[in-house]
Amino acid sequence: MASGAIIRIEQLTKTYDLGEVQLTVLRSLSLSISPGSFVAIMGASGSGKSTLLNILGCLDRPTSGRYVLAGMDVSDMGDDELSDMRGQRIGFVFQQYNLIDQLSVVENIHVPLAYQGLGLSECRDRCEALAHRVGLSDRLGHRPKQLSGGQQQRVALARSLANDPVMILADEPTGNLDSSTGREILDLFSELHAQGKTIVMVTHGDEVAARATRVVQMSDGRIVRDVSRAQREMAGA
Amino acid sequence: MNLPMLLRGARAGVASLLLHKTRSLLTMLGIIFGVCSVIAMLAIGEGASFEAQERIRQKGARNIILRSKKPAGDATAGGAKRSYIADYGLKYADMERIRRSVPGIVRILPQRIEPKRVRFPKHAECEVVGTPPLYREMTSTEMVEGRFLTDWDEREQKNVCVLTEDLARTLYGHVSPLGEEIRVANRAFTVVGVMRELSRVYHTAAGGGAPASEGRVFVSLHTFRTHLGEQNVRRSAGSFQVERVQLSFLTIEFASENDVARAAPLIRHALADLHKKQDFVVEVPLDELRALEATKRLFSFVLGSIAAISLLVGGIGIMNLMLATVTERTREIGVRRALGAKKRQIVEQFLMETGVLSVAGGLIGVVVGVFFPYFLSWAIHAISGHAYRVVVTPWSVLLALGISVATGIAFGVYPARRAANLDPIEALRYS
Ligand SMILES: Nc1ncnc2c1ncn2[C@@H]1O[C@H](COP(=O)(O)OP(=O)(O)O)[C@@H](O)[C@H]1O
Ligand SMILES: [Mg+2]
């Protein structure tokens, strides 16, 4: 399992230096995620879920420990290399959608491609196909402000797929949505998972846990429980 | 960065600026005014010296001009009225001496100029110019009809003359004066030509209440000498004075400007023992031109610097706008970083916006700035009646545009770097 893992972290520690005190947010975490999994990370607020996800997403660096993403050691990469990792291998979905207001739906989907040097004219088809995939074919020219929350999150999802990443990281993607809209978004994630995408999602809801192939429970910077669906089904049976 | 990427970036920059149209426009105004004032200031500086430069240039950059001057001590200023003879100025002998002792001379044009009165067919004040035929080659003149003086006129001391167009008009109206006889100072001359002087750079020192000249009569120098004489008698109540002057001007043309630079002291030296009194002056148009150019450079530099300060203020305006923009768009920057933007690409994005702002401001500034000086000149003329000349030179436009773009970019660097160096996580969390 370890060798084929898409994500492998070993003895990962994250400590914030707050001047007088050292705040350790992640304590010696080790975790492997195999391709095609749908991992739900759960835990109380402040337990370090977002911090972990940011490190997995190459947005943040661990204080110590090793992180290997898709066979590459990310731990001591420079800023530009990390940007490339994010731009080429990772798709982000945020709780606040984080679309760029002055850009249209298609243009928003295109942003990750733009940073890989592709002009919109070169990959408009791809962007429109992605919009179609999340059910927004008729909103291509709309601005984010003209869309509902659910629609915005769909755009964000399409955008996360633009560079055909090895995994999608989502930090409470349904946190700002009502339950039925949230469910539609989760359906989309399930669909992607069914198509073989690796998904790591931070969540509070049990509904996600039900869809996930694996649930990682965190508490105070540690993994306190790590259950795969197979184990769960066995336990439930 | 290649061209399509640049264009893409510029389009994105325009789109971002259009988000805050008023704010962007106001910021651009700073650059517009800056560019405009740089061009205007330089145009004023250029215009201020333009006419003086032209005048000097007409004297010829390869020429040195010697002018007879009444020595200060001989002036009639002495309270007691008495009569005397003043013998001063350049002599024929001087001309020969200069020709022998100063290297690089191509030719020398001697002139004798004296105000006289035309008595027939009408009374008119004029200047009689005694000159060899060379005059026409060495100055910018144009024959209207007839011919100019010839070597033969000179050798034979012919009583022929050439009139300037204005004088011909005064004396004969629209009838051709060719073949007519005019009478100047009790001498008759036959008119053989009418000419137009395109620029007149030699004048007699028309002081002492001499009446304004209505034109000029050209006769050969030799004729002047024998028929009009070298003595000029000026009478005033109870006294008279006689001035004896051989030549009014010597225009010495050199082969090159280098020869001119060396010649002035040599000329002074050559004439030193013949002219104990200061009875001539040496004009070196080249020196005047250089001095004027130096002054102009300084003038333009000072004016330009003042204007550049307003560009600087424009630049600070840009920086102010961009800093506000960076703060406002912190989260966007975080998002872009998360989606794969490198620091360099963030810098480029923001620099592109300042670039668009300053180039657009610069171009508008140039368009306004090219017309503004002429408007200013017109307004000054309309209000005060003074003709105020301005000259917009291409280099001033390029300079202004260059400075504006440079300012925009320079002041854009700090905000852009600030944006790029934001911590992506902090930026994403910003609300
Ligand atoms: N930049 C930071 N500086 C200091 N403390 C931080 C910083 N980021 C997060 N923390 C702290 O780390 C802990 C974990 O935060 P986070 O990973 O966001 O938790 P979760 O997402 O599970 O709610 C919290 O106590 C938070 O206050
Ligand atoms: Mg969190």
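This briefing walks you through a sheet in chain A and the site around ligand 1. Keep in mind that the model is predicted. Chain A holds an open sheet of 4 strands, and residues from chains A and B surround ligand 1, so its site is shared between the chains. Helix α1 of chain A is a good one to follow, as it packs on the sheet and also supplies residues to the shell around ligand 1.

**The sheet in chain A**

- If you trace the sheet from one side to the other, the strand order is β2-β1-β4-β5, with antiparallel pairing.
- Strands β2 (22-33) and β5 (72-73) stand at the edges with a single partner strand each, so one side of each has no neighbour in the sheet.
- Strands β1 (residues 7-17) and β4 (residues 64-69) of chain A are joined in the antiparallel sense by 5 bridges.
- To find this pairing on screen, look for E10(A), which stands opposite R66(A) in β4(A).
- Helix α1 (residues 49-56) of chain A touches β1, β2 and β4 of that chain, and its direction makes about 120° with that of β1(A).

**Who surrounds ligand 1**

- There are 14 residues around ligand 1, and G46(A), G48(A), K49(A), S50(A) and T51(A) come nearest.
- The largest share of this shell, 3 residues, comes from α1(A).
- β2 of chain A and α13 (424-429) of chain B each supply at least two residues too.
- By type, the shell divides into 5 nonpolar, 6 polar and 3 charged residues.

**Contacts and cover**

- An oxygen atom of ligand 1 lies 2.7 Å from a polar backbone atom of G46(A).
- Side-chain N or O atoms also take part: one in K49(A) is 2.9 Å from an oxygen atom of ligand 1, and one in S50(A) is 2.6 Å from an oxygen atom of the ligand.
- On its own, ligand 1 has 560 Å² of accessible area, and the protein covers 70% of it.

How values were computed. Residues numbered from 1 in each chain as written. Chains lettered and ligands numbered in written order. Predicted model: local features only at pLDDT ≥ 70, side-chain atom pairs only at ≥ 80, totals over all residues. Heavy atoms only, no water. Pairing = 2+ DSSP bridges. Contact = heavy atoms within 4.5 Å. Axes fitted to C-alpha atoms, helices over the stretch in contact; angles between N-to-C directions. Near = heavy atom within 4 Å. Polar contact = N/O pair within 3.5 Å; in protein donor to acceptor, adjacent residues only side chain to side chain. Areas by Shrake-Rupley, 256 points an atom, 1.4 Å probe, with all protein chains shown as cover. Nonpolar A, V, L, I, M, F, W, Y, C, P; charged D, E, K, R; others polar.
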